[in-house]
Amino acid sequence: VTFDKDIEASTATSSSVTLKANDVDVPSTITVSGNTLTLKPQRNIAAGANHTVAITSGLAAANGAPAAEAQINFKAYGRVNAVPPQSGNQLSYFCFSGDMNDAAGTHTPDDSDVKNLTYTTDRFGYEGLAGDFNGSTTMVEIPNGEQYMAHKSLTISFWIKTKGTKNGNYVLGLGATKGFHFEIGSDWSWVKLVTQYVDANGLADSEDNLFSGTGITKDNGGWQGWTFHKDVQAQGGVGSVYFQDKWAHVVHTYDASTKLATMYINGEKVKQTDFDLWSPTDPKRTITGVKFAGNLTGGGNKLALGFIQGSENRVLTYNWADPANPFSYHFQGQMDDIRIFKVALTEAEVATLHAAEKP
């Protein structure tokens, strides 16, 4: 705190200057240098708590004049910039804190590839710390996206708040079906993460990890590799429970060592697919890892945030897959804290990440 007069240091005590968190005293060290008083908490202050710095007339200037009583109120910064699980294997981190810089890697987009993005209130209630996508023209194109799929295993983690009035959302996509993309169905009954894989013969093919919230697995009429599927029908379905007009944390992993593709929402496993359960004659039984099979030239390798693929050298040339078409399924809502790893986070690590990042 800076005053208009030099401070008498002997009056800067815990009775004349206090810090409280939710009305509870926070022990602090007080130092004075000229007209500046510094209050340093002796423990971490709680994210999200209401804090108050109170100055009383017991604080005096060097000439003896009492300080005007004042109260400074603030809420601790709730955003988590702590080291995530597997931080050494994190390839990118986009925190939308007023820019699209890659805080963990080398994938910061050019300014020209950040299109019609504004920054809005995040899930903690802080202004300007989440990306706002308008549902028609907003898109961010991240360079060298093929590098995200060069390590066989993969984890994608992101937070979204989707507008319930928009039917169908392509949340993000790297080369559409030739890389990976996350999509919310037009009737809000399902979401899926489509990923491109490579088999033992070097041939690439895509597979959906579809979560419809029906509980259907390989044992009750579902696909042969579906080993786990959370049932949320009684709660209103996937859209109502997780996505419509509310913040959701989505994590998708593929572990090349176990051949398991897993989706988590809000820290909880909701869908898992085991490629070892494909028929012995199916090439997908021999999948060795993820692989980008899109266009490496002409910008076709850019990860699009807010759409299914980038705007250049598209692999899908249909009108509905054209980002220049404002009536396509552009994502409408807020997006925050995208993390991409070159390994598959474990179930425990996903739960740890969610606990650290949730409001």
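**Figure 1. Contacts that reach across the chain.** Take the contacts in the chain with a separation of 6 or more: 60% of them join residues 24 or more positions apart. Keep in mind that you're looking at a predicted model. As for what the chain is built from, there are 2 helices and 23 strands.

**Figure 2. Inside and outside.** How much of the chain is buried? Of its 359 residues, 49% are. Turning to the outside, the chain exposes about 15,500 Å², and 49% of that area comes from carbon and sulfur atoms. To get a feel for the dimensions, picture a box of roughly 90 × 45 × 40 Å along the principal axes, filled by the C-alpha atoms.

**Figure 3. Where the charges sit on average.** The chain carries 28 positive and 37 negative charges. Work out the mean position of each set, and the two points end up 4 Å apart.

**Figure 4. A look into the cavity.** Search the whole structure for cavities of 30 Å³ or more and you'll find 1. The largest cavity holds about 50 Å³ of space. Which residues line it? Among them are the glycines G175, G299, G300 and G310, and you'll also spot K302, E312 and R314. Q309, N313 and V315 belong to the lining too.

**Figure 5. Zooming in on G267.** You'll find G267 in the loop that runs between β19 (260-265) and β20 (268-274). Leaving out residues up to four places away in sequence, G267 touches V350, A351 and H354. Now look for K284, which is 17 residues from G267 along the chain: the C-alpha atoms of these two are separated by 28 Å.

Conventions: Residues numbered from 1 in each chain as written. Predicted model: local features only at pLDDT ≥ 70, side-chain atom pairs only at ≥ 80, totals over all residues. Heavy atoms only, no water. Helix = DSSP H or I, 4+ residues; strand = E, 2+ residues; numbered from the N terminus. Buried < 20%, exposed > 50% of the residue type's maximum accessible area, 1.4 Å probe, protein only. Contact = heavy atoms within 4.5 Å. Areas by Shrake-Rupley, 256 points an atom, 1.4 Å probe, with all protein chains shown as cover. Lys, Arg positive; Asp, Glu negative; His and termini not counted. Charge placed at Lys NZ, Arg CZ, Asp CG, Glu CD. 1 Å grid on protein atoms, 1.4 Å probe; cavity = no way out; pocket = protein on both sides within 12 Å on 5 of 7 lines; lining within 4 Å. Points joined across faces, edges and corners; volume = space filled by probe spheres on them.
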